[in-house]
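Let's take a walk through a protein together. Have the picture in front of you and follow along as we go.

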Amino acid sequence: MPRLEDHCWSCSCSTSVKTKDLSSASWIVCKTGEMMSIITSVLSHAYGSLHSLQSANLIRRGLVLFIVGVVLALVLNLLQIQRNVTLFPEEVLDTLFSSAWWIPLCCGTAAAVVGLLYPCLDRHLGEPHKFKREWASVMRCIAVFVGINHASAKLDFANNVQLSLTLAALSLGLWWTFDRSRSGFGLGLTTALLATLIAQLLVYNGIYQYTSPDFLYVRSWLPCIFFSGGVTVGNIGRQLAMGSTEKPHND
């Protein structure tokens, strides 16, 4: 028959075992909580760094696109003025590159917005654009766009309708040669419509004017220029986005 001392000793042993088990469980829970806190902190820091990197990259791409838009606006608008396609007040002709100061700013801002929208729209539609994705193709696209703008000022046709049809064919050819995406066509068409509407409002309010207007205060070929310009800037924006997300590797 067991003695009372043995019974008390067994109870104290079982109690100490339970206490040790609870201490071990508490230690495991504590360490698990510490590990989760460390992992959460690391992930938060990594996300913050990635977000900062993406924001800085977005600003750099926007700045490059803005500069491209400003340069193209200065050069191409100068060509239009020299050929008397667009007319400005006399005091404007004494400014830099014979261009109104607000034209480069507006074109630079529009180039930044359109160029950033193209890759965003590609990601939203789940259709990454891979057709002719190299800088040589982008430079050829810019050259063709400048050529289309040059043709609008240099070519002489019997009427504006023939010139407009020719430039429309060239603009569609530019899109087919360097883009061929639904998002590129849709965004280029939207850019052309909005830019033409803004130009009509500016001419209506006497900011500047076109010689021989035949389409609501402007020239009928103007949407073709804006369409090809949107496609060109979109290709630049896509290439900049691709260069920022892909790292070069050696084959």
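In which helix does Ile67 lie? Ile67 sits in helix α1, which covers residues 4-82. Before going on, keep in mind that you're looking at a predicted model.

Is Ile67 buried or partly exposed? With a relative accessible area of 48%, Ile67 is partly exposed, because the buried label is kept for values under 20% and the exposed label for values over 50%. Now look for Thr109. Ile67 and Thr109 are 42 residues apart along the chain, with their C-alpha atoms separated by 9.1 Å.

Let's step back and take in the whole protein. There are six helices and two strands. Starting at the N terminus, you meet them in the order α-β-α-α-α-α-β-α. Of the 251 residues, 35% are buried. Here's another way to view the fold: take the contacts with a separation of 6 or more, and 76% of them turn out to join residues 24 or more positions apart.

Next up is helix α2, residues 102-125. How far should its 24 residues span at 1.5 Å a residue? The expected figure is 34 Å, and the end C-alpha atoms are indeed 34 Å apart, so the two agree. Several residues of α2 are buried, among them Trp102, Ile103, Pro104, Tyr118 and Asp122. Right after α2 comes Gly126, which has a positive phi, near 70°.

What about cysteines? Searching the whole structure turns up zero disulfides. Cys107, for one, is in no disulfide: the nearest cysteine sulfur belongs to Cys106 and is 6.8 Å away. Cys107 has a relative accessibility of 34%, so it counts as partly exposed. Cys120 is partly exposed too, because its relative accessibility is 35%.

Now for a pair of helices. Two packed helices are described by the angle between their axes and the distance between the axes. Take α3 (residues 135-154) and α4 (residues 160-178): their axes come within 10 Å and cross at roughly 175°. That makes α3 and α4 roughly antiparallel to each other, because angles over 145 degrees get that label. By class, their contact brings together ten nonpolar, three polar and one charged residues. On the α3 side you'll find Ser137, Arg140, Cys141, Val144, Phe145, Ile148, Ala151 and Ser152. They meet Leu163, Leu167, Leu170, Ser171, Leu174 and Phe178 of α4.

An α-helix has 3.6 residues a turn, so residues three or four places apart point the same way. Try reading the α3 side of that contact with this in mind: Cys141, Val144, Phe145 and Ile148 are among the residues that meet α4. As for its length, α3 has 20 residues and reaches 28 Å from its first C-alpha to its last, close to the 28 Å expected. The buried residues of α3 include Val138, Ile142, Asn149 and Ala153.

Let's zoom in on Ser152, in helix α3. Is Ser152 buried or exposed? Its relative accessible area is 3%, so Ser152 is buried. Which residues does Ser152 contact, once neighbours within four places in sequence are left aside? They are Gln80, Leu163, Leu167, Trp221 and Ile225. Leu163 is eleven residues from Ser152 along the chain, and their C-alpha atoms are separated by 7.4 Å.

Across in helix α4 you can find Thr177. Thr177 counts as partly exposed because its relative accessibility is 30%. Thr177 and Cys141 are 36 residues apart in sequence, while their C-alpha atoms are 8.5 Å apart in space.

Follow the chain into the loop between α4 and α5, and there is Arg180. Arg180 isn't a glycine, yet it has a positive phi of about 65°. At 41% relative accessibility, Arg180 is another partly exposed residue.

Our last stop is helix α5, residues 182-204, where Thr196 lies. Thr196 has a relative accessible area of 5%, so it is buried. What does Thr196 touch, not counting residues up to four places away in sequence? Its contacts are Phe215, Val218, Leu222, Pro223 and Phe226.

Conventions: Residues numbered from 1 in each chain as written. Predicted model: local features only at pLDDT ≥ 70, side-chain atom pairs only at ≥ 80, totals over all residues. Heavy atoms only, no water. Helix = DSSP H or I, 4+ residues; strand = E, 2+ residues; numbered from the N terminus. Buried < 20%, exposed > 50% of the residue type's maximum accessible area, 1.4 Å probe, protein only. Contact = heavy atoms within 4.5 Å. Expected span 1.5 Å × (residues − 1). Disulfide = S-S within 2.5 Å. Axes fitted to C-alpha atoms, helices over the stretch in contact; angles between N-to-C directions. Parallel < 35°, antiparallel > 145°, perpendicular 65-115°, else oblique. Nonpolar A, V, L, I, M, F, W, Y, C, P; charged D, E, K, R; others polar.
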